[in-house]
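Visitor: I would like to know how the labels on this fold are earned. Please take me through the reasoning.

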Amino acid sequence: MKLSQFKFKLPDDKIALYPPLNRDEAKLMVLHRDNGEIEHVLFKDIINYFDDGDAFIFNDTRVFPARLYGNKEKTGAKIEVFLLRELNEKLRLWDVLVDPARKIRIGNKLYFGDDNSLVAEVIDNTTSRGRTLRFLYDGPHDEFKETLYALGEAPLPDDVRRQRKAEPEDMERFQTIYARVEGAVTAPQTGLHFSRELMKRLEIKGVSQAFITLHAGLGNFRTIDVEDLTKHKVDSEQMFVPAEACQIVNKAKEGGHRVCATGFTVLRASEAAAGPGGMLKEFEGWTGKFIFPPYDFTVCDAYVSNFQLPLSTMLMLACAFGGYDYVMNAYNEALKGDYKFGTYGDALLII
């Protein structure tokens with residue numbers, strides 16, 4: 001398929017800037033992939049489509065406050081620093097993106113905080129925007145991380161930031177209720193819809209909950225610059241599929257029950273860790289799996305995801321799962337209706 005097949009006009013007012021007051025009260029469109037039938041319900045009604053013995057897979061990655069602002073030595077120029085991942089705990093080395101990159105060279109020092117309490121030195125230039133910073137901090141590592149994160153803000157995606165500034169409440173809004181393993185710089189957005197009440201109702205109904213970890217990065221939001229999708233490469237992301245998750249998922253599959261992937265990261269990860277017969281197998285490592293139509297899924301037979309932006313890898317994966325024509329028709333219905341798109345937007349369940 002071609003990139004241009006995933007293009008549609010999305011007005012700014014269709015992008016959700018805030019989550020609903022109650023996590024599970026976003027809108028939910030249900031798409032039946034055998035016939036294209038569409039239903040309109042609330043997200044909390046998702047429980048009505050699953051039964052005792054079914055299983056959900058969730059991504060328990062935890063987002064850290066990855067975006068911070070500093071000043072360049074001597075000139076005082078304001079520099080945005082986006083933390084990607086810690087490279088060396090002992091040496092305080094971090095892989096980061098900087099903006100504007102043209103002003104930052106190896107050897108430059110950056111100062112953070114109103115009192116310049118944290119200093120970093122640029123020690124490597126990896127890409128046009130990428131840099132390696134060494135933070136000059138002598139205290140314990142836990143104290144350093146606490147200081148660093150206190151200076152950061154929630155790494156809201158660009159489609160939200162274009163229309164509003166980050167707020168202190170965003171760090172809580174931008175976190176799933178089951179977030180546990182720190183490492184993501186963007187939230188597994190579909191998981192944001194699950195409230196404690198909904199999780200408990202699923203448990204009472206006998207729907208199992210399996211947790212894997214995939215530390216979502218920025219690669220999936222990067223602009224695709226090739227029309228031929230077979231030539232596009234996505235950045236690798238670190239993921240872990242523990243034995244317990246495999247046991248839960250495989251038990252459901254062996255019993256002929258439904259397995260639902262909660263969001264883009266989970267569906268990618270489950271396919272990366274798929275074993276013989278579509279069973280989930282333990283996995284620890286990195287995946288750069290890029291899924292677009294046509295693709296035969298083996299582990300999950302249900303998928304819930306937010307309404308995604310045009311030309312995105314997330315939209316491509318939804319089309320691969322639900323069928324290009326059916327999913328694009330569902331998106332057209334969402335555009336004509338009052339559905340919201342993006343990280344804080346409404347959701348689409350494909351069964």
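What follows is a short exchange on strands, sheets and helix packing.

Guide: One caution before we start. This is a predicted model.

Visitor: What makes α6 oblique to α7?

Guide: Helix α6 (residues 264-272) and helix α7 (residues 313-322) pack at an angle of about 60 degrees. Roughly parallel needs an angle under 35 degrees, and roughly perpendicular runs from 65 to 115. The angle fits neither class, so α6 is oblique to α7. Their axes lie 10 Å apart. The crossing of α6 past α7 is left-handed.

Visitor: Which residues make that contact?

Guide: From α6 come Phe264, Leu267 and Arg268. From α7 come Thr313, Met314, Leu317 and Phe321.

Visitor: How many of the residues where α6 meets α7 are nonpolar, polar and charged?

Guide: Five are nonpolar, one is polar and one is charged. Arg counts as charged, so Arg268 of α6 supplies the charged residue. Thr is not on the nonpolar or charged list, so Thr313 of α7 is the polar one.

Visitor: Why is α7 called oblique to α8?

Guide: Here the axes of α7 and helix α8 (residues 324-336) cross at roughly 125 degrees. Roughly perpendicular ends at 115, and roughly antiparallel starts over 145. The value falls between these limits, so α7 is oblique to α8. The two axes come within 6 Å.

Visitor: What does each helix bring to the contact of α7 with α8?

Guide: α7 brings Leu315, Ala318, Cys319 and Gly322. α8 brings Tyr324, Tyr326, Val327, Met328 and Tyr331. The class count is eight nonpolar, one polar and no charged. Gly counts as polar, so Gly322 is the polar residue.

Visitor: What is the strand order of the open sheet?

Guide: The nine strands run β2-β1-β17-β16-β14-β3-β12-β13-β15, with mixed pairing. The twist from one strand to the next averages 25 degrees.

Visitor: What makes β2 and β15 edge strands?

Guide: Each of them, β2 (38-42) and β15, pairs on one side only.

Visitor: How do you know that β12 and β13 pair?

Guide: Pairing takes at least two bridges. Strand β12 (residues 208-214) is joined to β13 by two, so the pair meets the cut-off. The two strands run antiparallel. Thr213 stands opposite Phe240 in β13.

Visitor: What joins β13 to β15?

Guide: Five bridges, in the antiparallel sense, link β13 to strand β15 (residues 283-287). Met239 stands opposite Gly285 in β15.

Visitor: Which residues of β13 are on the covered face, and which on the uncovered one?

Guide: In β13 (residues 237-241), Glu237, Met239 and Val241 are on the covered face. Gln238 and Phe240 are on the uncovered face. In a regular strand the side chains alternate between the two faces of the sheet.

Visitor: Which pair in the open sheet runs parallel?

Guide: One such pair is strand β14 (residues 259-262) with strand β16 (residues 302-306), joined by three bridges. Thr262 stands opposite Val304 in β16.

Visitor: Which strands does α5 lie across?

Guide: Helix α5 (residues 243-254) lies across β3 (55-59), β12, β13 and β14. It runs at about 135 degrees to β12.

Visitor: What closes into a barrel?

Guide: Six strands do, in the order β5-β6-β7-β10-β9-β8, with antiparallel pairing. The twist there averages 45 degrees from one strand to the next. Strand β7 (residues 93-99) is joined to strand β10 (residues 130-136) by five bridges. In β10, Arg131 is the bridge partner of Val96.

Conventions:
Residues are numbered from 1 along each chain as its sequence is written. This is a predicted model: local features need pLDDT of at least 70, side-chain atom pairs count only at pLDDT 80 or more; totals for chains, interfaces and linings use all residues. Side-chain values use heavy atoms; hydrogens and water are left out. Buried means under 20% relative accessible area, exposed over 50%, partly exposed in between (1.4 Å probe, protein chains only). Helices (H or I, at least four residues) and strands (E, at least two) are DSSP runs, numbered from the N terminus. Axes are lines fitted to C-alpha atoms, for helices over the stretch in contact, and angles run from 0 to 180 degrees between N-to-C directions. A crossing is left-handed if the near helix is turned anticlockwise from the far one by less than a right angle, and right-handed if clockwise. Contact means heavy atoms within 4.5 Å.
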